[in-house]
Amino acid sequence: MPLTQPGTRGATGTPRDTVRFSLLGPLRAWREGTELSLGPRQQRLILAALLARVGRPVPLADLVDLLWEGDPPTSAANAVHRYVGVLRRLLEPDLPTRNSGRWLVRQDGGYLLRADAGELDLVRFRALVREAREKAAEGDAHGAVRRFGEALGQWQGRCAADLGPVAAVHRVFTAVEHEHASVVCETAAAALRCGSPGLVLLTVRQAAQRHPLDQRLQAHLLLVLGADGKQAEALTLYQDIRGRLWQELGVRPCAELRAAYERVLRQSGRRPAVPEDASRRVVGDVPGDALGGSRGGAVVRATDDGAAPHAPAPGSVPAQLPADLPCFSGRARPMEQALAYAEGTSDALRVLAFDGIPGVGKTALAVHFARRVAARYPDGQLFVDLCGSGSGRRPLDPGEVLCDFLEALGVRRWRVPASTQSRAALFRSVLADRKVLVVLDNARDLEQVRPLLPGSPLCMVLVTSRRRLTGLATAHGARLVGLDVPAPAEAAAGFLRRVGPGRADTPGRVVEDIVERCGRLPLALAVTAARALARPDQPLSVLAAELAGTGESLDGFDDDDRDNGVRAVLRHAYRTLGAEAARTFRLLPTHPGPEYDTEALAGVTGLPPRAAAVAAAELVRSGLLTAGGPGRYMAHRLALAYAAELARAEAARHSGEREGRHRGALSGVAAEGAPALRAVPGLAGERGAAGARPAGRPALRVIVGGATERARTAAELERVPSAGRARPRHDRWPREPVDAALRTVTARHPLPGRDRRQEGARPDEAGGSRPQSPATAAHPSPAG
């Protein structure tokens, strides 16, 4: 309903035909007593923002940010100008074109809306508040309460209440809301001074419900309740507020709220929970159960208000660590390093990062270590898989992770800020005095990790990544621990622990053979052990023979979970590569041995040394190569097996495509090849396809086949003169003229061949351009 009847005068005598606005509640506007339709939501948002900043210019950039929340289209500025133009014509239908009009004017690179107390309820509210403050300053508390009441009567709900969630969180509207809360506090104070708390109790109660985390407002509600004889309600309310603050913000009551609580306690005649002269210092170490907590006797730090800084509200202590592997073994050296780092003393946040190739056991080690040290972090353990390794899922956005972390820590989701930067700041605030372990598994890079780091030295962060996060060490002092495959004895022990004690009597050479065929890679050993457990009556020697029968294939390491086998994790890593790095990876098996230097990679790929080094660096970042020193690299045997599989598949695709090109080229080449072949003695006479004798067709196929491998071309050339010499004596083909004819046609008609510039395309991204097999890359055949 309208705030006043349309056409009536406001406090300043505004005439009937003016325009009036309402912002303190649903956004509304009237012209000449008739309510206006304000158009689409974005147009109404612009009007609301201009009204909230009445009398001050609003920059164009602020309006764009309001409408598109940081992700505007290129036409955003034009859209804002268009909306403002529509609003001008709506408010002043007779306004001439390009005239700024009375209310909406262009100023300082933005727009300004003019309105007085008779035209906008927000201006009227502020005018009445000024009058109330003047009366309070004169000592007229009753008059101040009446004026404050009139001012608060202008409000019909939240500021711009009908414009959705943005009105509840955007700074231009929350600033007006803060004015409302502040004035309610002033009203309560004036009512307490004049001894009339009952006059304002309903107003203060409603405002406190609207702003449940405003501690100053809650403090005034406690005082009004106490002064109105409702001390029991006030004391109960304080406990509710205290729990809400901890659960949703991770903070304790401020000094003003605690003082209000103690004042109500004195009014009720009860003994204060804390001495009145207590300060906010820590007063000692006491057992957790002495504070009424359920911390199992753990020692915590008590504060003067009886709250334990490391005692989160019930249900807000996250315990998100995955289960530890029951068969975990080995990794003694990395565990020793990690434990020594965790036990050290430091005034800074401790960050530990494990890195290594796919399947080397980074997550298993991280979870095992986290379980070992979890008791040192009684306020919770947070865990997230950041999906940074290209596992078929998109890498998680840090903002999404922060939202989940904050909710796990007791912050209500609707209280979580919109931007990642604000969420990160709140995350650090919530953890400022908590001991929490944060595990960030499968991280992509530093930019994904950085917002998820607490700021407190009480916490610890554990990161795993296929990449070596040197930037994390540089910027945050992280300790980097690289993981290699375990030693042979350690790998064998881990495998036997997985397959169970029933296989302990297996001959050592059989276990050693299995372990070596797995390349000592923990993931391959786990998959193989699972196969052994699925066949409890089958000797391990049979399994060893099956692995030997697969040769250099990865078929023996596939898991029932298609995303968990060795081939799957290598495929995920391979798909993150650029074209040149993918080609380099496929060519690795052509080099003898698993170790490479930059010159060897350049020789294998045909790239300049600098380009080869760039490709190798990308392979290292993806975990498909391991850096072994300056300019030196190593590849795991199973990674090489996967590279060979890719190369074979690519060669087959390339061969089929090449055959199609040859067949298409045959008819085009035949017409030019036939005259030269007819010049050869013995080929003239009978006519066949394209003017050549039927016996000349193999020769034409040889010419077209000039783009094939050298071995195939030589075989064709050998067969053609042999076939000619097998003919009757008078019609035999002399070899030399045939070879000369072939050379003539080949030189005259360039044939389909390989273009090395196209070889870098990855098979799943390069369209019709396919790289050749390693053999053909190492030994290119000339065209003809």
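**Walking through a predicted model: sheet, helices and a few residues**

Five strands make up an open sheet, ordered β10-β11-β12-β9-β13, with parallel pairing. The edge strands are β10 and β13 (479–482), each pairing on one side only. From one strand to the next, the twist averages 15°. Keep in mind that this is a predicted model.

Reader: How many bridges join β11 to β12, and in what sense do the two run?

Author: Let's start on the other side of β11, where strand β10 (residues 381–385) pairs with β11 in the parallel sense over five bridges. Turning to strand β12 (residues 460–465), it runs parallel to β11 too, and the bridges joining them number four.

Reader: Which residue of β12 is the bridge partner of leucine 440?

Author: Leucine 440 of β11 has valine 384 standing opposite. Elsewhere on β11, leucine 437 stands opposite methionine 460 of β12. For leucine 440, the bridge partner in β12 is valine 463.

Reader: Which residues of β11 point the other way from Leu437, Val439 and Asp441?

Author: In a regular strand, side chains alternate between the two faces of the sheet. Strand β11 (residues 437–441) is mostly covered, with five of its five residues buried. Leu437, Val439 and Asp441 point one way, and pointing the other way are Val438 and Leu440.

Reader: At about what angle to β9 does helix α12 run?

Author: Helix α12 (residues 332–343) lies across three strands of the sheet, namely β9 (350–355), β12 and β13. Relative to β9, the helix runs at about 165°.

Reader: What span should helix α4 have, and how far apart are its end C-alpha atoms?

Author: Helix α4 covers residues 121–137, so that's 17 residues at 1.5 Å a residue. The expected span is 24 Å, and it agrees with the distance between the end C-alpha atoms, 24 Å.

Reader: Which elements do the buried residues of α4 pack against?

Author: Buried residues in α4 include Asp121, Leu122, Phe125 and Ala132. After the helix comes glycine 139, with a positive phi near 90°. As for the packing, the buried residues of α4 sit against β1 (19–22), α1 (41–52), α5 (141–152) and α7 (171–193).

Reader: How far apart are the end C-alpha atoms of α10?

Author: Run the numbers for α10 (residues 231–249): its 19 residues, at 1.5 Å a residue, should span 27 Å. The model agrees with that, as the end C-alpha atoms are 26 Å apart.

Reader: What phi does glycine 250 take?

Author: Among the buried residues of α10 are Gln231, Tyr238, Trp246 and Glu248. Glycine 250 comes just after α10. Its phi is positive, about 70°.

Reader: Is threonine 528 buried or exposed, and what is its relative accessible area?

Author: Threonine 528 lies in helix α20 (residues 522–534). Leaving out residues up to four places away in sequence, threonine 528 touches Phe495, Ile514, Cys518, Leu543, Leu547 and Phe557. The cut-off for buried is under 20%, so threonine 528 counts as buried, its relative accessible area being 0%.

Reader: How far apart in space are glutamate 552 and alanine 641?

Author: Glutamate 552 is in the loop between α21 (540–549) and α22 (566–574). Not counting residues up to four places away in sequence, glutamate 552 touches Arg637 and Ala641. Glutamate 552 and alanine 641 are 89 residues apart in sequence, but in space, C-alpha to C-alpha, the separation is 5.5 Å.

Definitions and conventions
Residues are numbered from 1 along each chain as its sequence is written. This is a predicted model: local features need pLDDT of at least 70, side-chain atom pairs count only at pLDDT 80 or more; totals for chains, interfaces and linings use all residues. Side-chain values use heavy atoms; hydrogens and water are left out. Contact means heavy atoms within 4.5 Å. The expected span of a helix is 1.5 Å times one less than its number of residues. Buried means under 20% relative accessible area, exposed over 50%, partly exposed in between (1.4 Å probe, protein chains only). Two strands pair if DSSP finds at least two bridges between them. Axes are lines fitted to C-alpha atoms, for helices over the stretch in contact, and angles run from 0 to 180 degrees between N-to-C directions.
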